[in-house]
Amino acid sequence: MWTRSVPVGEIRRLGDHALLVGVRDAGSARALTQALHASRPPPVSELVGGLATVMVSFDPGTDPDDLRPWLEGVVGELDAAGWGRDRGTGEWTEEGTDEGSAVTVPCVFDGPDLVEVAELVGCRPAEVAGLVTGARLTVAAVGFSPGFAYLEGLPEELSRVPRRQRPRPIVPAGSIALATGYAAVYPSASPGG
């Protein structure tokens, strides 16, 4: 389970050259990152959206307090606009968001956890593939290792799959992972749970 390290709306120092802004979720992080990019002042060198935060990195010598009014203003505008959510349904709207590109990843569903996952979600192993591939997954954040994308949008049944009690020392590159509401494809062999 993920824990929130920065309360929603809080702007906190992150080392000597960055600030961290707490947001509600990955969708809010994407909306804020996009809005900050659109109005980025010169001392801001990098913006990185996470699962519930946005990191704002700035040039050395910049007083972080000088960036707070800009950040608070953009957060206030998004808050007033509902953060890209339809006020009636609460669903994310496509208007004003960058959809990015669709990527199709060829998959073979035959891993050592397939039977266990099927039992956890109450279906046959052959049905797990249909549940995963039938969903439109979106990159929520990239982390853990270079190129490792946490994907959101799993069907409810699969979002209940927990992390393994004991992580594997090596998960082969190309392996599909499901845990705590996220999916991923391992870009390289690495430990994982």
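The following exchange asks how several descriptions of this predicted model are reached.

User: What makes up the protein in terms of helices and strands, and how much of the protein is buried?

Analyst: The predicted model has five helices and 10 strands, and buried residues make up 37% of its 193 residues, where buried means under 20% relative accessible area. Among the contacts with a separation of 6 or more, 50% join residues 24 or more positions apart.

User: How do you know that the span of α1 agrees with what is expected of a helix?

Analyst: Helix α1 covers residues 26-38, and because its 13 residues should span 18 Å at 1.5 Å a residue, the 18 Å between its end C-alpha atoms agrees with the expectation.

User: Which residues of α1 are buried, and what do they pack against?

Analyst: The buried residues of α1 are Ala 26, Gly 27, Ser 28, Ala 29, Ala 31, Leu 32, Thr 33 and Leu 36. Their packing partners are the strands β2 (18-22), β3 (44-49), β4 (53-58), β5 (138-142) and β6 (149-152), together with the helix α2 (64-80).

User: What makes the approach of Asp 25 to Gly 27 at the start of α1 a polar contact?

Analyst: A side-chain oxygen of Asp 25 comes to within 3.3 Å of the backbone nitrogen of Gly 27, and because a polar contact needs a pair of N or O atoms within 3.5 Å, one able to donate a hydrogen and the other to accept it, the pair qualifies.

User: What is found at the start of α2, and what just after α2?

Analyst: At the start of α2, a side-chain oxygen of Asp 63 lies within 2.9 Å of the backbone nitrogen of Asp 65, whereas just after the helix Gly 82 takes a positive phi of about 85 degrees.

User: How does the reach of α2 compare with the expected value, and which of its residues are buried?

Analyst: With 17 residues, α2 reaches 24 Å from its first C-alpha to its last, close to the 24 Å expected at 1.5 Å a residue. Its buried residues are Pro 64, Leu 67, Trp 70, Leu 71, Val 74, Val 75 and Leu 78, and these pack against β1 (11-13), β2, α1, β3 and β4.

User: Why is Thr 180 called partly exposed, and where does it lie?

Analyst: Thr 180 has 29% relative accessibility and therefore counts as partly exposed, since that class lies between the 20% limit for buried and the 50% limit for exposed. Thr 180 is placed in the loop between β8 and β9, and its phi, near 50 degrees, is positive in a residue other than glycine.

User: What is notable about phi at Phe 144, and which contacts does Gly 147 make?

Analyst: Phe 144, in the loop between β5 and β6, has a positive phi of about 70 degrees although it is not a glycine. Gly 147 is found in the loop between β5 and β6, and, its neighbours within four places in sequence left aside, Gly 147 is in contact with Val 142 and Pro 187. Gly 147 and Tyr 186 stand 39 residues apart in sequence, with 8.1 Å from C-alpha to C-alpha.

User: How much space lies in the second largest pocket, and what lines it?

Analyst: The second largest pocket holds about 920 Å³ of space and is lined by 41 residues, with Asp 113, Ile 176, Ala 177, Leu 178 and Tyr 186 nearest its centre. The lining divides into 28 nonpolar, seven polar and six charged residues, and α3 (114-121), β7 (168-171), β8 (176-179) and β9 (182-185) each supply at least two residues.

How values were computed:
Residues are numbered from 1 along each chain as its sequence is written. This is a predicted model: local features need pLDDT of at least 70, side-chain atom pairs count only at pLDDT 80 or more; totals for chains, interfaces and linings use all residues. Side-chain values use heavy atoms; hydrogens and water are left out. On a 1 Å grid over the protein atoms alone, a cavity is a set of points where a 1.4 Å probe fits but cannot get out, and a pocket is an open set with protein on both sides within 12 Å along at least five of seven lines; lining residues have an atom within 4 Å of a point. Grid points are joined across faces, edges and corners, and a volume is the space filled by probe spheres set on the points. Helices (H or I, at least four residues) and strands (E, at least two) are DSSP runs, numbered from the N terminus. Ala, Val, Leu, Ile, Met, Phe, Trp, Tyr, Cys and Pro count as nonpolar, Asp, Glu, Lys and Arg as charged, and the others, Gly among them, as polar. The expected span of a helix is 1.5 Å times one less than its number of residues. Buried means under 20% relative accessible area, exposed over 50%, partly exposed in between (1.4 Å probe, protein chains only). Contact means heavy atoms within 4.5 Å.
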